[in-house]
Amino acid sequence: MSYSVFYSKVTYQVKKKSNMQKKIMYLDMDGVLVDIFKACADKYGKDSVSKIGDLLDEDAQLFYEAEPIPGAIEAYNKLIEVFDVYLLTSAPWKSMGSTEAKQRWVMKYLGASADKRMIVSHNKNLMIGDYLIDDRTANGAGEFKGELIQFGTEKYPNWNTVLKYLNVN
């Protein structure tokens, strides 16, 4: 066996092992990575935020049009260095285009680092992992078996506080 073949095999095995040792983290999208509430208010007015579920059923592209939450992209790029990160989101059941719009948003803002890492589920508690960062306890987030970090709360109001808690610089 040549040195380069041996080196390639060892490098692959080391990378594979190091990925297996990373803790698994799930990130919700709406209200955690994606500023869907601001997009809703900008497009339909401030009073529309209370009807966001209905609006997303009618306007799936609203999700794609939304900007990232401040600091979210930078935080995501730091987290993927330390954790095995997946996007765990739910989608409006009546809007067939919402999942596509979310996937297009991921491709636009997160790129190749998030390829095939988006999971759509209304039962987040079924996922096995160490952390879930979500802004709500709905769709099983409150029953997640790992640690729920509830984004946007007094304890974790923004990405800086989340990264500090996780010791990610």
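Buried here means under 20% relative accessible area, exposed means over 50%, and partly exposed lies in between, with a 1.4 Å probe and protein chains only. Helices (H or I, at least four residues) and strands (E, at least two) are DSSP runs numbered from the N terminus. This is a predicted model, in which local features need pLDDT of at least 70 and side-chain atom pairs count only at pLDDT 80 or more, while totals for chains, interfaces and linings use all residues. Residues are numbered from 1 along each chain as its sequence is written, and side-chain values use heavy atoms, with hydrogens and water left out.

**Helices 6 and 2**

The buried residues of helix 6 are Ser98, Ala101, Lys102, Trp105 and Val106. Viewed down the axis of helix 6, these residues fall within an arc of 140° (taken from the directions from the helix axis to the C-beta atoms), so they line one face of the helix. They pack against helix 4, helix 5, strand 2 and strand 3, where contact means heavy atoms within 4.5 Å. The expected span of a helix is 1.5 Å times one less than its number of residues; for the 13 residues of helix 6 this gives 18 Å, which agrees with the 18 Å between its end C-alpha atoms.

In helix 2 (residues 36-44), the buried residues are Ile36, Ala39, Cys40 and Ala41, and they pack against helix 3 (52-58) and helix 4 (61-65).

**Nonpolar cores**

A nonpolar core is a set of buried Ala, Val, Leu, Ile, Met, Phe, Trp, Tyr and Cys residues joined through side-chain atoms within 4.5 Å. The largest such core has 39 residues, and those with the most contacts inside it are Leu27, Leu33, Leu79, Ile133, Trp159 and Leu166. Helix 5 (residues 72-82) gives the most to this core, with five residues. A second, separate core of six residues includes Tyr26, Leu88, Met127 and Phe144. Leaving aside neighbours within four places in sequence, Leu27 is in contact with residues including Leu33, Tyr76, Leu79, Ile133 and Trp159.

**Thr89 and Lys124**

Thr89 is in strand 2 (residues 84-89) and counts as buried because its relative accessibility is 0%. The C-alpha atoms of Thr89 and Met29 are separated by 5.8 Å, although these residues are 60 residues apart along the chain. Not counting residues up to four places away in sequence, Thr89 touches a set of residues that includes Asp28, Met29, Lys102, Ile119 and Lys124.

Lys124 itself is found in the loop between strand 3 (118-120) and strand 4 (131-134), and at 2% relative accessibility Lys124 also counts as buried. The side chains of Lys124 and Asp134 are joined by a polar contact of 2.6 Å, a polar contact being a pair of N or O atoms within 3.5 Å, of which, within protein, one must be able to donate a hydrogen and the other to accept it, and residues adjacent in sequence count only if both atoms are side-chain atoms. Among the other residues that Lys124 touches, beyond four places in sequence, are Asp28, Leu132, Asn139 and Phe144.

**Positive phi values**

The table lists residues with positive phi.

| Residue | Phi | Place |
|---|---|---|
| Gly45 | about 100° | just after helix 2 |
| Gly111 | near 65° | following helix 6 |
| Lys116 | about 55° | loop between helix 6 (97-109) and strand 3 |
| Asn167 | near 60° | segment after helix 7 (159-165) |

Lys116 is not a glycine and counts as exposed, at 86% relative accessibility. Asn167, likewise a residue other than glycine, is exposed with a relative accessible area of 67%.
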